[in-house]
Amino acid sequence: MVYNPYEPHRPGPFETSPRAPVRRGADYELAPIGPNRHVDVAHLRRQEWTGRAFLFVLLIFPVVYAIGWDIGWW
């Protein structure tokens with residue numbers, strides 16, 4: 001028998017009760033459209049700065065460090 005996650009099943013030896021089926025539309029609402037729509041500007045700003053920090057640490061810093069090591073800055 002194939003396990004279907006959308007249908008309740010009999011509990012196994014390590015389960016105390018059958019798991020509630022997870023439905024795709026359960027408790028899901030889209031943000032309201034219109035002038036009252038909330039956009040978290042502070043969150044977007046934090047994401048922007050986090051992205052810049054990752055770019056600096058992962059791309060710019062190693063390249064500058066390697067060039068400086070080759071030139072003899074340190």
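Helix 1, a DSSP run (H or I, at least four residues, numbered from the N terminus), has 31 residues and reaches 43 Å from its first C-alpha to its last, close to the 45 Å expected at 1.5 Å a residue, where the expected span is 1.5 Å times one less than the number of residues. The model is predicted, and local features need pLDDT of at least 70, while side-chain atom pairs count only at pLDDT 80 or more and totals for chains, interfaces and linings use all residues. Residues are numbered from 1 along each chain as its sequence is written, and side-chain values use heavy atoms, with hydrogens and water left out.

At Phe 56, helix 1 bends by about 40 degrees, the bend being the angle between axes fitted to the seven residues ending there and the seven starting there. After the helix comes Gly 72, which has a positive phi near 105 degrees.

Within the helix, Arg 52 forms a salt bridge with Glu 48, their closest N and O atoms being 2.7 Å apart (a side-chain nitrogen of Lys or Arg within 4 Å of a carboxyl oxygen of Asp or Glu). Because Arg 52 and Glu 48 are four residues apart in helix 1, about one helical turn separates them. The charged end of Arg 52 also sits over the ring of Trp 49, 4.7 Å from its centre (NZ of Lys or CZ of Arg within 6 Å of the ring centre and within 35 degrees of the ring normal).

Ring pairs link Phe 56, Phe 61, Tyr 65, Trp 69, Trp 73 and Trp 74 into a cluster; rings of Phe, Tyr and Trp (its six-membered ring) pair if their centres lie within 6.5 Å, with planes under 30 degrees apart counted as stacked, over 60 as edge-to-face and the rest as tilted.

Technical notes:
Helices (H or I, at least four residues) and strands (E, at least two) are DSSP runs, numbered from the N terminus.
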